[in-house]
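Trainee: Got a minute to go through this structure with me? I'd like to take it piece by piece.

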Amino acid sequence: PKIICHPVVSTVTDIVWEGVAFRSFLTGKLWFFFRLIIFVLSESILPNLQPQGADGPEAERIAIFACRLFVYTCSMTQQLFQHGRRASQDFRKKDFMRVGRCRLPASWGIWQETVGI
């Protein structure tokens, strides 16, 4: 089968991808990869530098703590920002759902949003 693609659509797609979309995509993926490396370092590499059952030196424990703090802080603040932004949009639109006597932002009624919190 032959793929039908108009040259204008192809040109517009190339222009958008070479501009803002590519940089935004690459920045997001590099940030994710950097956090992944720090996570692997804190969960797998640093704890296994010492033999099993032996407590590592204090500097090693501080490094593990710092890496974990970085990973969890970056991940949690990003998710809290996203949920807060969606909730504030619901407040501005006056879009609520009722749970008993409580009025909650409607975005919290979507199960994917609730699980993400």
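Mentor: Sure. One cut-off to begin with: a residue counts as exposed over 50% relative accessible area, as buried under 20%, and as partly exposed in between. Keep in mind that this is a predicted model.

Trainee: Okay, take K94. Is K94 buried or exposed?

Mentor: Exposed. K94 has a relative accessible area of 68%, and the cut-off for exposed is over 50%, so K94 clears it.

Trainee: Where is K94 found?

Mentor: In the loop between α2 and β1. K94 follows α2.

Trainee: And what about the phi of K94?

Mentor: Positive, about 55°, although K94 is not a glycine. Most residues other than glycine have a negative phi.

Trainee: Which residue in the turn of the hairpin has a positive phi?

Mentor: G100, at about 65°. The hairpin is formed by β1 and β2, with two residues between them.

Trainee: How many bridges join β1 to β2?

Mentor: Four. β1 covers residues 96-99, β2 covers residues 102-105, and the two run antiparallel.

Trainee: What stands opposite F96?

Mentor: P105, in β2.

Trainee: Switching to helices. How far does α2 reach?

Mentor: 51 Å from its first C-alpha to its last, with 36 residues. That is close to the 52 Å expected at 1.5 Å a residue.

Trainee: Which residues of α2 are buried?

Mentor: E60, I64, C67, V71, C74, H83, A87 and D90.

Trainee: C74 is on that list. What does W31 touch?

Mentor: F70 and C74, leaving out residues up to four places away in sequence. W31 is in helix α1.

Trainee: How accessible is W31?

Mentor: Partly exposed, with a relative accessible area of 36%.

Trainee: And how far apart are the C-alpha atoms of W31 and G19?

Mentor: They are separated by 19 Å. Along the chain, W31 and G19 are twelve residues apart.

Trainee: V71 was buried too. How far is V71 from F34?

Mentor: 9.7 Å, C-alpha to C-alpha, with their positions 37 residues apart in sequence. F34 is in helix α1. At 40% relative accessibility, F34 is partly exposed.

Trainee: Now charges. How many salt bridges does the count come to?

Mentor: One. The side chains of R68 and E43 meet in it, at 3.0 Å, N to O. R68 lies in helix α2 and E43 in helix α1, so the pair ties together parts that are 25 residues apart in sequence.

Trainee: How accessible are the two partners, R68 and E43?

Mentor: Both are partly exposed: R68 has a relative accessible area of 30%, and E43 comes in at 29%.

Trainee: Last topic. Which residues form the nonpolar patch on the surface?

Mentor: F32, F33, L36, I37, F39, V40, I45, L49, Y72, M76 and L80. Together they have about 1100 Å² of accessible area.

Trainee: Which helix supplies the largest share?

Mentor: α1, with seven residues. α1 (7-45) and α2 (58-93) each supply at least two.

Trainee: Pick one for me. Why does I37 count as partly exposed?

Mentor: Because I37 has 42% relative accessibility, and partly exposed runs between under 20% and over 50%. I37 sits in helix α1.

Definitions and conventions:
Residues numbered from 1 in each chain as written. Predicted model: local features only at pLDDT ≥ 70, side-chain atom pairs only at ≥ 80, totals over all residues. Heavy atoms only, no water. Patch = residues over 30% accessible without salt bridge, like charges linked within 9 Å, V, L, I, M, F, W, Y side chains within 5 Å. Areas by Shrake-Rupley, 256 points an atom, 1.4 Å probe, with all protein chains shown as cover. Salt bridge = Lys/Arg side-chain N within 4 Å of Asp/Glu carboxyl O. Buried < 20%, exposed > 50% of the residue type's maximum accessible area, 1.4 Å probe, protein only. Pairing = 2+ DSSP bridges. Contact = heavy atoms within 4.5 Å. Expected span 1.5 Å × (residues − 1).
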